[in-house]
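Below are some comments on the model you passed along, set out as numbered points. They deal with the charged side-chain pairs and with one loop residue.

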Amino acid sequence: MSNQIQVTDSLVTLAATNLEILVNFYTAFLNQEPRKYIPNVYAEYQLPGVKLGIFQPKPTHEPEFATLTQSKMSLCLEVKDLKNAIAHLTDLGYPPPGKIITASHGQEIYSYDPDGNRIILHQETRNSEEKR
């Protein structure tokens, strides 16, 4: 019998150079309070299908996260109305720097949180067609 991993839950985490700035951003962006919150240490939000955790690295690990540029990881969020999501980010002071991209799976746009983490907002093609 071989060993197997048994996953019981999933969590995506972001390291924060300033936890409170990201907590304020994601609280406003997601329109929800963290379901778990330890000031200056950790905040967690429940999203459909996954939890989003934001943590402040311990001082001994800060250099590992300080030079993060052009990460290959993205927080991808499917939204019902891409234009409303873009307007919401813009209202928060973080407008997406580019334009909406049409991909095989729908429309999407890249944006960034206050720490520079990539957020990809995506609207499925069928949702786009339903809106017309």
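1. A residue is called exposed when its relative accessible area is over 50%, buried when that value is under 20%, and partly exposed in between. Please bear in mind throughout that this is a predicted model.

2. With that cut-off, N40 counts as exposed, because its relative accessibility is 54% and the class begins over 50%. As for its position, N40 sits in the loop that joins β2 (36–38) to β3 (42–47).

3. Which residues does N40 contact, once its neighbours within four places in sequence are left aside? The contacts of N40 are then with L19, E20 and Q56. Although T13 stands 27 residues away from N40 along the chain, the C-alpha atoms of these two residues are separated by 15 Å in the model.

4. How many salt bridges does the structure hold? The count is three, and the pairs are best read one after another, with the accessibility of each partner alongside.

5. One of the salt bridges joins the side chains of D9 and K51, with an N to O distance of 2.6 Å. Because D9 belongs to the segment before β1 (11–15) while K51 belongs to strand β4 (residues 50–55), this pair ties together parts that are 42 residues apart in sequence. The two partners fall into separate accessibility classes: D9 is partly exposed at 48% relative accessibility, whereas K51 is buried at 14%.

6. E44 takes part in a salt bridge with R35, for which the closest N and O atoms are 3.7 Å apart. The side chain of E44 also meets that of K36 in a salt bridge, here with an N to O distance of 4.0 Å. Since the definition of a salt bridge asks for a nitrogen within 4 Å of a carboxyl oxygen, a reader who works with another cut-off may wish to note the 4.0 Å given for E44 and K36.

7. Taken together, R35, K36 and E44 are linked in a network of salt bridges. Is E44 buried or exposed? E44 is buried, with a relative accessible area of 3%, while its partners are partly exposed, R35 having a relative accessible area of 48% and K36 one of 41%.

Definitions and conventions:
Residues are numbered from 1 along each chain as its sequence is written. This is a predicted model: local features need pLDDT of at least 70, side-chain atom pairs count only at pLDDT 80 or more; totals for chains, interfaces and linings use all residues. Side-chain values use heavy atoms; hydrogens and water are left out. Helices (H or I, at least four residues) and strands (E, at least two) are DSSP runs, numbered from the N terminus. Buried means under 20% relative accessible area, exposed over 50%, partly exposed in between (1.4 Å probe, protein chains only). Contact means heavy atoms within 4.5 Å.
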